[in-house]
Amino acid sequence: MNNRFDIIVVGGGHSGCEAAMAAANMGSSVLLLTPDLSGLAKMSCNPAVGGIAKGQIVREVDALGGYSGLVTDAATLQFRMLNRSKGPAMWSPRAQCDKQKFSATWLNFLLSNCKLRIYADFAENFLFENQKIAGVRTITGAEFYSQAVILTAGTFLNGKMFVGQHSFEGGRIGEKAAYGISDQLAAFGIPTARMKTGTPPRIDVRSLDLDKLLRQKGDESPERFSFLDVPSAVQSGGVQMDCFLLHTNETVHEILKSGFDKSPLFTGMIHGKGPRYCPSIEDKLRTFADKDSHQLFLEPEGVNSPEYYLQGFSSSLPLEVQLDAMRHIEGLENAVVFKPAYAVEYDYFDPQYLHHSLRSKIVENLFLAGQVNGTTGYEEAACQGLMAGVNAHLYLQEREPFVLSRDQAYIGVLIDDLINKGVDEPYRMFTSRAEYRILLRQDNADFRLTALSHSLGLAPEDRYALMMRKQEDVEALSSAVSRVKLRSEVANPVLESLGSTPLSESKRLEDIVSRPEVSLSDFIQFVPRGTYSEDVVAAVEIGIKYSGYIEREKAQADKNRRLEYIRIPSDFDFESLQGLSIECRQKLKRYKPETIAQASRISGVSPSDISVLLVYFGR
């Protein structure tokens with residue numbers, strides 16, 4: 001049995017799958033080590049992909065040549081574009097998925113790659129040679145060797161689960177935890193701590209009265225995640241399944257509170273910090289004590305499955321309390337539970353001890369991606385996995401790392417936040433974290449990233465050619481629109497049908513389309529030179545409506561980018577600069593930023609400290 005590879009990926013979650021495919025597609029021989037082939041990229045929490053800012057990340061992964069978008073499209077049960085009522089910087093695609101089909105589709109992609117091998121086993125510990133990671137030993141005694149290892153172990157490192165006063169080992173219900181690796185890395189000096197996450201109960205939809213619930217349907221014209229011309233499951237004839245909206249009430253709250261004395265969150269059994277933006281139901285009742293109702297969502301997990309997910313009801317309360325409270329929610333009076341809600345506590349490593357390539361600053365040949373870096377969410381994990389896979393391959397080729405800046409991608413924002421700011425709770429991406437949201441829209445991820453990826457050898461030729469054709473079409477349509485001027489008698493019938501103020505004189509089409517209530521598609525018949533796809537028309541319209549904002553963000557990004565080019569030597573003695581504050585010197589000495597721009601984003605480094613650094617390094 002071949003036991004030598006260029007790269008070993010430990011963990012077959014969303015991060016591990018993207019890492020393995022990226023490295024293999026670039027030419028490295030890869031071993032993906034995961035205990036269960038049927039559970040690859042398992043949707044252990046919410047059976048959905050995308051959402052606010054997360055949808056942008058998935059489109060970026062796809063634009064780079066990753067697979068999360070294609071897999072999501074193949075497994076889509078319902079598609080919605082969120083925030084349509086707001087500007088395009090806030091539009092976020094979201095798809096409800098068939099979780100079994102999602103994993104099966106991932107498996108097919110992985111098995112089709114001739115440079116990639118999957119081995120079903122648990123990693124027990126790392127193998128070292130001369131203080132460098134040289135491979136992995138499994139619990140069955142198998143030893144595999146490589147030049148680099150990517151750790152994507154999710155919630156499995158020393159994982160422990162909780163349901164009321166009952167606790168048991170594991171990273172996911174029914175699946176054992178991984179031991180040994182955390183202790184090895186901690187012994188090398190990588191700071192290790194605990195985090196907590198949770199998941200709601202799964203309910204048998206056949207036991208519910210759905211007529212009492214508010215249905216949430218998918219978009220009438222569903223889109224897809226991938227920029228490739230491959231229809232999603234619902235675009236190619238699949239029927240979109242409904243989600244449902246429901247609410248808790250005061251009786252439900254009183255029942256839940258009766259179990260607080262047995263909640264591991266409140267009795268001290270759980271020490272890890274949970275996600276503030278997605279709290280458990282007991283956390284909600286404590287934090288928002290004045291609210292007499294909380295919104296919940298009931299979501300399907302598969303087209304042939306009666307299992308539904310009760311979003312917003314994640315909990316670590318005892319099973320009997322969960323069930324009693326649920327049965328006092330309208331429509332759930334006779335609810336039958338397939339699986340209780342539970343909390344998971346697990347190890348993570350301080351991401352401030354990583355390079356922007358996700359390579360460890362402490363342990364040679366080691367890359368880390370996903371929840372082991374303190375993040376949460378499939379999308380955040382997937383993009384880290386892809387970047388770690390790319391950079392592990394480049395590292396072995398002795399090529400420069402591939403690093404995305406904050407004005408290039410949400411992925412760049414995420415990784416930069418992790419490394420410069422660290423985490424004190426599970427990190428989730430929000431649009432508010434990105435200072436260049438108008439530049440980082442979900443619709444233009446291919447224009448931003450595909451050419452970069454293609455130059456690395458990741459995005460294939462057909463993807464690059466498709467992007468170039470789209471770009472040419474956008475330029476052609478933009479040029480054509482700029483030359484169109486409409487007489488008032490031609491434009492006014494359309495404007496009046498839209499409820500827009502009629503023209504008193506002829507006007508350029510660009511000026512007409514700049515109105516918020518007017519779409520370019522309403523006037524596309526007046527534009528010469530052929531037909532254009534919906535995404536091309538949308539791209540040109542966004543360029544017209546938001547040109548001022550886009551140009552301002554570009555100018556600000558260009559200004560800030562100058563600091564990225566002022567490098568700081570890795571061995572620089574910050575104590576020698578007496579003009580820096582004590583806290584600044586301590587932080588810079590600890591985290592060793594590579595540029596002044598990175599230093600500026602470290603908590604505790606003030607603008608005056610940056611001025612001192614600019615005087616010294618900028619001269």
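Lys160 stands opposite Glu169 in E11, where helices (H or I, at least four residues) and strands (E, at least two) are DSSP runs numbered from the N terminus. The model is predicted, so that local features require pLDDT of at least 70 and side-chain atom pairs count only at pLDDT 80 or more, whereas totals for chains, interfaces and linings use all residues. Residues are numbered from 1 along each chain as its sequence is written, and side-chain values use heavy atoms, with hydrogens and water left out.

Strand E10 (residues 160-163) is paired with E11 in the antiparallel sense over 4 bridges; two strands are taken to pair if DSSP finds at least two bridges between them. Met161 stands opposite Phe168 in E11. The two strands, E10 and E11, form a hairpin with 2 residues between them, and Gly164 in the turn has a positive phi of about 60 degrees.

This hairpin belongs to an open sheet of 4 strands in the order E11-E10-E19-E12, with antiparallel pairing. At the edges are strand E11 (166-169) and strand E12 (192-199), each of which pairs on one side only. From one strand to the next, the twist averages 25 degrees, with axes being lines fitted to C-alpha atoms (for helices over the stretch in contact) and angles running from 0 to 180 degrees between N-to-C directions.

Helix H1 (residues 14-25) has 12 residues, and its end C-alpha atoms are 17 Å apart, which agrees with the 16 Å that it should span at 1.5 Å a residue. The expected span is 1.5 Å times one less than the number of residues. In H1, 11 of the 12 residues are buried, that is, under 20% relative accessible area (exposed being over 50% and partly exposed in between; 1.4 Å probe, protein chains only). Among the buried residues are His14, Cys17, Glu18 and Met21. Gly27, which follows H1, has a positive phi near 120 degrees.

The largest nonpolar core contains 114 residues, of which Leu110, Phe126 and Leu151 touch the most other members. Such a core is a set of buried Ala, Val, Leu, Ile, Met, Phe, Trp, Tyr and Cys residues joined through side-chain atoms within 4.5 Å. Helix H10 (residues 378-396) supplies the largest share of this core, 9 residues. Apart from this core lies another of 27 residues, including Leu77, Met241, Leu332 and Ala335.
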